[in-house]
Amino acid sequence: MRYMLLIYVNEAAMAAAPTDKTYEISAAYGAYTEALKKSGAWLAGDRLKPTQAATSVRMANGKTNVLDGPYADTKEQLAGFYMIEAEDADAAIAWAARCPAASAGTVELRPIWEQTM
Amino acid sequence: MENGQEIARAAAEVAARQSYGKLVAWLAARTRDVAGAEDALADAFAAALERWPRTGVPKKPEAWLLAVARRRRVDAVRRRLTSEAGREHLKLIAEEAEAHMTDEDLPDERLRLMFVCAHPAIESSVRSPLILQTVLGFDAATIASAFLVSPATMGQRLVRAKSRIRETGIPFRVPERAELGERLDAVLEAIYAAFAEGWSDPAGTETRRRNLATEGIWLGRLVVSLMPDEPETLGLLSLMLFAEARRAARRDAAGDYVPLAEQDYTLWDRALVDEAEALLGRAATMGVIGRYQLEAAVQSAHAARRLTGRTDWVAIRELYDALLSIAGSPVVAINRAVAIAEAEGAVAGLAALYVLGDDNRLDDYQPYWAACAGLLARLGQVPQATEAYDRAIGLERDPAVRRFLQGKRAVLRN
C-alpha cells in the first residue's frame, strides 16, 4: 500500500536552530531518505519552503480569493512529505517513527486512496 | 511533599493492578470471558486508580473493587453494548465470591491467565499486549504506542484475541510437565517483549514506555513468585534486572547515548545487579540451561567489568555461541559478531556479520548496519563505513542514538 507521510514541525524553532543543529537535522533526513530508498520503500518526497512562501487560493461565489500564507494557522506547519510503499499500516508506522520529524514534530500518516479499477 | 505523593500514587497503582489482575483472572478462569470480566471491573479499576492515591489502599482491595463494581452496575452509564457480559460476571461475583472473599484472599489465577494469553492459538504479536491489558489493566492506546501500532488497530487485535479465547475454548490451566517448557517460553517471551519496548526509551522521557519496562519486571517477579522452581523464569527476571540496573548509565549528562562498553559502571544500580546475580546463581543450581539464563549470563559478564575493570569478550562470545545454537535470531547473531570482533579482531567480526547478509530482514534492521559501520570504521574502510552509518542513522528512531551515530560518521572523515 502507498502511504503519505506528512511532516509537521515548528518552523520558527527550526529557523532559530544553530547551524550545527541544522546540519545534523538535514544529515539525518538525508540518511533517512537513503534508508527508504535502499529498502525499496521510497516513492517520492521533498521538503517544502516555509509557510511565508505559501499562497492559498479559494473560489467563492465565482470570485477567486488569493491569500498570502498557509490554509490553516497551526502550531506546527507542514514542512515536507514522503510517499512510501509499505506492506501494511504497522510497517508504515515503523517508517514514520524513524523519520527525524517524529522526534522533533509530528508525522501524520495517511494511506493513499487507491483507485480500484 | 511531591515525592511523598509520588510514592503514594505508585503504591496505589501497584495495589490496584495486583487486585485488578487477580479479579480479571479469577472471573475469566470461570467463564473464559476475558472481555466480560474486564468490562465488569473497568469502572471500579478506574475509580481505584483515581481514589487510592489520596485515600490510601483499602485493607481488602479486591473486596473494595468488587463493591464498587456492583454499585456501578446500576448506573445508566454501564448500559453499553458489552455490559450484558459484565452483568453476568457481577452476578458470579455476588454469588460465589461473597462467601469466601470476605475472610480469605482471592485464589491467584493470574498464572493461568498468562498461559491463556500466550497460548499457541493466539497470534504471537498480540500475546504481550494481551497480558498487559488483562493482567495489568493497560488500555489499548497506551499499549499501541509502546508497540508502534495505531490505537484502533491494537484495539481490534485485542478484541479479536479475547473472542478467540472464548470461541476456541482455550483452557485456563497451567500446562502439564510435558508441554510446560514450550508454553512457558511463550509466556516469558511475551513478558520480555513488554520489557523490551520499555527498555527502548532509556532516557525515560516517555513515561509510558519507561513504565512498560517496570511492568515487565513486575510481571517477571510475579511469574517467579508463582513458579519459583523454573530456572528460565529466574533467568528472565535476572536478565531484566541487569538491564534495568544500567538505565542511568545509558545516557550522559547531555542526554547523549553511551554504548555499554563505555558506560560508567559506578552509575549502575548495585542493588539490582546483586539481585540479578543471585537469581542467576539460583537458576544455575537447577541444572537446566536456557535462552534467558544465557542472556542474563552475558549481562553478568558485562557487569563483571565493575569488579575487574575489563570486559571478558571471550566468555561473552562463548555465551553467544551457546545462545545461537539454542535460540538463533538476527539479534543474537549480530551480538555474537560484535563479541567476535572484540575477542579476535574486526576482520573476524565482519566475516561473522557478512554471513548474515543474505537475510532480507536485515535490510531494515538498524543494529546490523550500526555493527557493520563500527567494524568497517575500525578497518579504515571509510566509504563503506560511511554508507553503513548512513543506513543505520536512517533506520534509527531514537534521536540520541541517531546523534551518536552521526558523531561516529563525522569522525570518519578526519
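This is a short tour of selections to make in a predicted model.

Start with residues 1–114 of chain A. UniProt, in an unreviewed entry, lists this stretch as "domain: YCII-related". Over these residues the chain is 36% helix and 36% strand. Select the end C-alpha atoms of the stretch, and you will find them 8 Å apart.

Next, select strand β1 of chain A, residues 2–9, together with strand β5 of chain A, residues 77–85. The two pair in the antiparallel sense, over eight bridges. To see a point along this pairing, pick Y8(A), which stands opposite L78(A) in β5(A).

Keep β1(A) selected and add strand β6 of chain A, residues 106–111. β1(A) pairs with β6(A) as well, again in the antiparallel sense, over six bridges. Here the residues to pick are L6(A) and, opposite L6(A), E108(A) in β6(A).

Now show both chains and turn to where they meet. In this region 17 residues of chain A are in contact with 17 residues of chain B. On the chain A side, the elements giving two or more residues are α2 (19–38), α3 (89–98) and α4 (100–104). Select α2(A) before the others: with eight residues, α2(A) gives the most to this side. Coloured by residue type, the chain A side divides into 10 nonpolar, two polar and five charged residues.

Last, move to chain B and select helix α6, residues 124–136, where S124(B) is placed. Is S124(B) buried or exposed? S124(B) counts as exposed, because it has 12 C-beta neighbours inside 10 Å. Then add A190(B): S124(B) and A190(B) are 66 residues apart in sequence, and their C-alpha atoms are 8.2 Å apart in space.

Key. Residues numbered from 1 in each chain as written. Chains lettered and ligands numbered in written order. Predicted model: local features only at pLDDT ≥ 70, side-chain atom pairs only at ≥ 80, totals over all residues. Helix = DSSP H or I, 4+ residues; strand = E, 2+ residues; numbered from the N terminus. Buried ≥ 20, exposed ≤ 12 C-beta atoms within 10 Å, placed from the backbone. Contact = placed C-beta atoms within 7 Å. Nonpolar A, V, L, I, M, F, W, Y, C, P; charged D, E, K, R; others polar. UniProt positions renumbered as here; feature names shortened; annotations may be inferred. Pairing = 2+ DSSP bridges.
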